[in-house]
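I opened the notebook to record what I looked up, entry by entry, beginning with a single residue and working outwards to the helices around it.

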Amino acid sequence: MRFRGRFRLLLLPQLAVAVVLFAQAGAAASPAGAYSTITPEGIGAHIAEIQGPRSGTGDEANRAKLNEVAGYIRDLLAVDGLVVIEDPVNFVGRTFPNIVGMLTGTTCPEKTLIVGAHYDGVSSGPGADDNASGVAAMLEVARVLSAQPLQASVDFAAFSFEEAGLVGSSQMAAAAESADRELLGMINFDMIAYTCDEPGCQDYPEGMEPVRSTGDFLSVVGNSNSALLLNQFVAASAAAVPGLVVLPLEVQGNGETLPDVRRADHAPFWDHGYQALFVTDTADLRNPNYHLSTDELGTLNLQFAADTANAAAAAVVEALTADANGDGRADVCGDVTVGGSAESPQPESSVESGTDESSTPDAVFLAILAAAGVAVLAAAGAWLAVRRGSR
Ligand SMILES: [Zn+2]
């Protein structure tokens, strides 16, 4: 997660554009349960290996550690049987690669969903939450999904130079658009392992009354173009990991007026027109160890991290196997027409949104919460009630 800039001044009512998502229950049963095998121990083992100062712009010890972590990621993705490629990323005279493990789809391999996390860190701390936790989740999702390829392809990506300004992810997103790659979307883990139970531990923007004082929920943020993927994530998570409180949030446009939700590697994918989700524990709005020497494994909630990874694995399965017309061909692969060509379906959203609502006091309030990278629990509670009532 990048360091926060001068964002608070932008939180003016007239800039309010966010609408909390009221996801609707998916009708189809999800096969995701079969993939819910990620454990706290598995997550913790990765974090133990990865944590340590590893800034790509840091001193020799930092760079040696970053190289070691790159090797760890590369080796594990290869063990999963994935084809692993490295794409060099250059920044201020240093080079660290984006590392990608490719899982080839069985029906439409040319279409790809990316599951990513940045593997660099800051020199000021071990970066267990930021972002060894996200890399651990990515590696575990790769492990469980590689056992059974889906109809479309999945790229498991570890980005470099995130802390320097989203450099690695920006390079990948730009290259994808230049090459006209058919990216189905991107799911970004950035800080997914810290929770807090003490009242008042969840931070909110200055002047705002907290709607929930504890930080025990997962925030998943999408822009308006990502509504389909966001809806799928919420539905799959609820089915596969019902105990995980997921607060989805949809921001309009590419989140330009809510810079706090653009502080990680999903943002370049939004900017290049792809669906992308930001999966996070809300970073420094919750974790007091952010970018400090105390961001250590022992401070983390590994069950929460495992739940998050399982939810994401289920979401990937949901996104790549959804088959509305039941013809056995996943919606993302398109339906084969009489002429033999495939057409991609238009994404359909069940998200409640609209600019008319953005000027109401509630919408303004939600927008400010959105800037904090969190959503309103009351909204999620209402959604969960709908969800449970539908079962
Ligand atoms: Zn960070």
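**Entry 1: Leu302 and its surroundings**

I began with Leu302, which lies in helix H7. The model is a predicted one, and I kept that in view throughout these entries.

Is Leu302 buried or exposed? I found it to be partly exposed, because 19 other C-beta atoms lie within 10 Å, whereas a residue has to have 20 or more to be called buried.

I then looked up what Leu302 touches beyond its neighbours within four places in sequence, and the list consists of Pro40, Ile43, Gly44 and Ala193. Of these I checked Ala193 separately: it is 109 residues from Leu302 in sequence, yet the two C-alpha atoms are 6.1 Å apart in space.

**Entry 2: H1 against H7**

Following the contacts of Leu302 with Pro40, Ile43 and Gly44, I turned to helix H1, which covers residues 40-50. H1 and H7 pack with their axes 8 Å apart and at an angle of about 105 degrees, and that makes H1 roughly perpendicular to H7. On the H1 side the contact is made by Pro40, Ile43 and Gly44, and on the H7 side by Leu302, Gln303, Ala305, Ala306 and Ala309. Sorted by class, the residues of this contact are six nonpolar and two polar, with no charged ones.

Which residues of H1 are buried? I noted Ile43, Gly44, His46, Ile47 and Ile50. Seen down the axis of H1, these buried residues fall within an arc of 160 degrees, so they line one face of the helix. I set beside this the general point that an α-helix has 3.6 residues a turn, so residues three or four places apart point the same way. The buried residues of H1 pack against helix H2 (60-79) and helix H3 (128-146) as well as H7. Just after H1 I also marked Gly52, which takes a positive phi of about 135 degrees.

**Entry 3: H3 against H7**

Since H3 and H7 both receive the buried residues of H1, I looked next at how these two helices meet. Their axes are 9 Å apart and the packing angle is about 45 degrees, which makes H3 oblique to H7. H3 passes H7 in a right-handed crossing. From H3 the contact takes in Ser133, Ala136, Ala137, Glu140, Val141, Val144 and Leu145, and from H7 it takes in Ala305, Thr308, Ala309, Ala312, Ala313 and Val316. The classes come to ten nonpolar, two polar and one charged.

**Entry 4: H5 against H7**

Which helix meets Asn310, Ala311 and Ala314 of H7? I found that helix H5 does. H5 spans residues 227-240 and H7 spans residues 302-321, and the two pack at an angle of about 120 degrees with their axes 8 Å apart. H5 and H7 are therefore oblique to each other, and H5 passes H7 in a right-handed crossing. The H5 residues are Leu229, Gln232, Phe233, Ala235, Ala236, Ser237, Ala239 and Ala240, while those of H7 are Asn310, Ala311, Ala314, Ala315, Val317, Glu318 and Ala319. By class I entered eleven nonpolar, three polar and one charged.

**Entry 5: Two loop residues**

I then left the helices for the loops. Pro288 is found in the loop between strand S9 (276-280) and H7, and is partly exposed, with 13 other C-beta atoms within 10 Å. Pro288 and Cys196 are 92 residues apart in sequence, with a C-alpha to C-alpha separation of 10.0 Å in space.

Gly105, in the loop between strand S3 (94-103) and strand S4 (108-118), is buried, with 22 other C-beta atoms within 10 Å. Not counting residues up to four places away in sequence, Gly105 touches Lys111, Pro149, Leu150, Gln151, Ala152 and Ser153. I also looked up Gln148, which is 43 residues from Gly105 in sequence and 9.9 Å from it in space, C-alpha to C-alpha.

**Entry 6: The whole protein**

Last, I noted the overall totals. The protein has nine helices and eleven strands, and buried residues make up 55% of its 391 residues. Of the contacts with a separation of 6 or more, 80% are between residues 24 or more positions apart.

How values were computed:
Residues are numbered from 1 along each chain as its sequence is written. This is a predicted model: local features need pLDDT of at least 70, side-chain atom pairs count only at pLDDT 80 or more; totals for chains, interfaces and linings use all residues. Helices (H or I, at least four residues) and strands (E, at least two) are DSSP runs, numbered from the N terminus. A residue is buried if 20 or more other C-beta atoms lie within 10 Å of its own, exposed if 12 or fewer, and partly exposed in between; C-beta atoms are placed from the backbone. Two residues are in contact if their C-beta atoms, placed from the backbone, lie within 7 Å. Axes are lines fitted to C-alpha atoms, for helices over the stretch in contact, and angles run from 0 to 180 degrees between N-to-C directions. Angles under 35 degrees count as roughly parallel, over 145 as roughly antiparallel, 65 to 115 as roughly perpendicular and the rest as oblique. A crossing is left-handed if the near helix is turned anticlockwise from the far one by less than a right angle, and right-handed if clockwise. Ala, Val, Leu, Ile, Met, Phe, Trp, Tyr, Cys and Pro count as nonpolar, Asp, Glu, Lys and Arg as charged, and the others, Gly among them, as polar. The arc is that of the directions from the helix axis to the C-beta atoms.
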